[in-house]
Amino acid sequence: MKELTCIVCPRGCSLKIDENMNVTGNFCPRGAKYAVSELTHPMRSLTSSVRVINRENTVVSVKTSGNIPKEKMFELMEHINTLKVQAPVNIGDIVSHNPLGLDVDIIITKKLD
Ligand code: SF4
């Protein structure tokens, strides 16, 4: 029996998962889906920042457009650390398309004039 807290919404249900992947403690179906995913193939979104080349000492925040396998986080961070943008940028601008073949984009999350 494994125990974990559902992080899908702020309710934070306490989940229990048995050896047959039966989930209890979830208030809604999303919790069961999360629990099975977490034990078999954990996924996370990633937030970071990238350098703005035409502004001194400036970075702008970015995130993945969806979740990626947890084990790819460090590899993707290395890629993000190589990225640079030129202001102005807008929320949703794509900085990197489908990096590492992960089926997500790296997108801007803050407007910079
Ligand atoms: S099980 Fe449903 S209600 Fe409970 S934390 Fe997860 S998403 Fe929220």
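Reader: What is the order of the strands in the open sheet of five strands?

Author: In this predicted model, the order is S8-S5-S6-S10-S9, and the pairing is mixed.

Reader: What makes S8 and S9 stand at the edges?

Author: Strand S8 (84-85) and strand S9 (94-97) each have a single partner strand, so one side of each has no neighbour in the sheet.

Reader: How do you know that S5 and S6 pair?

Author: Pairing requires at least two bridges between the strands. Strand S5 (residues 47-52) and strand S6 (residues 59-64) have five, in the antiparallel sense. The two strands therefore count as paired. Within this pair, Val 50 of S5 stands opposite Val 60 of S6.

Reader: Which strands form the open sheet of three, and in what order?

Author: The order is S1-S2-S3, with antiparallel pairing. S1 and S3 are the edge strands, as each pairs on one side only.

Reader: How do you know that S2 pairs with S1, and what joins S2 to S3?

Author: Strand S1 (residues 2-5) meets S2 over four antiparallel bridges. Two bridges join S2 to strand S3 (residues 23-24), also in the antiparallel sense. The cut-off is at least two bridges, so both pairs qualify. Ile 17 of S2 has Lys 2 opposite it, and Val 23 in S3 also stands opposite Ile 17. S2 and S3 form a hairpin with five residues between them, and Met 21 in that turn has a positive phi of about 65°.

Reader: Which side chains along S2 are buried, and which are not?

Author: Leu 15 and Ile 17 point to one face of strand S2 (residues 14-17) and are buried; Ser 14 and Lys 16 point to the other and are not. In a regular strand the side chains alternate between the two faces of the sheet.

Reader: Why is Glu 71 called exposed?

Author: A residue is exposed if 12 or fewer other C-beta atoms lie within 10 Å of its own. Glu 71 has 10, so it is exposed. Glu 71 lies in the loop between strand S7 (68-69) and helix H2 (73-80). Glu 71 and Pro 42 are 29 residues apart in sequence, with their C-alpha atoms 8.2 Å apart in space.

Reader: What radius of gyration does the protein chain have, and what would a compact globule of 113 residues have?

Author: The protein chain has 18 Å, whereas a compact globule of that length would have a value near 13 Å. The chain therefore does not match the globule rule. Its C-alpha trace spans about 55 × 25 × 20 Å along the principal axes. Buried residues make up 18% of the 113 residues.

Reader: How is the protein chain divided into domains?

Author: Domain 1 covers 2-40 and domain 2 covers 47-108. The C-alpha centres of the two domains lie 30 Å apart.

Reader: What pattern does the protein chain follow along the sequence?

Author: The pattern is β-β-β-α-β-β-β-β-α-β-β-β, from two helices and ten strands.

Reader: How many residues of each class are in the shell around the ligand?

Author: There are six nonpolar, three polar and two charged residues. Gly counts as polar and Cys as nonpolar. The residues surrounding the ligand include Cys 6, Cys 9, Cys 13 and Cys 28, along with Gly 12 and Gly 31. Arg counts as charged, so Arg 11 and Arg 30 of this shell belong to the charged class.

Key:
Residues numbered from 1 in each chain as written. Predicted model: local features only at pLDDT ≥ 70, side-chain atom pairs only at ≥ 80, totals over all residues. Near = placed C-beta within 6 Å. Rg over C-alpha atoms; globule rule 2.2 N^0.38 Å. Buried ≥ 20, exposed ≤ 12 C-beta atoms within 10 Å, placed from the backbone. Domains from an automatic or database assignment.
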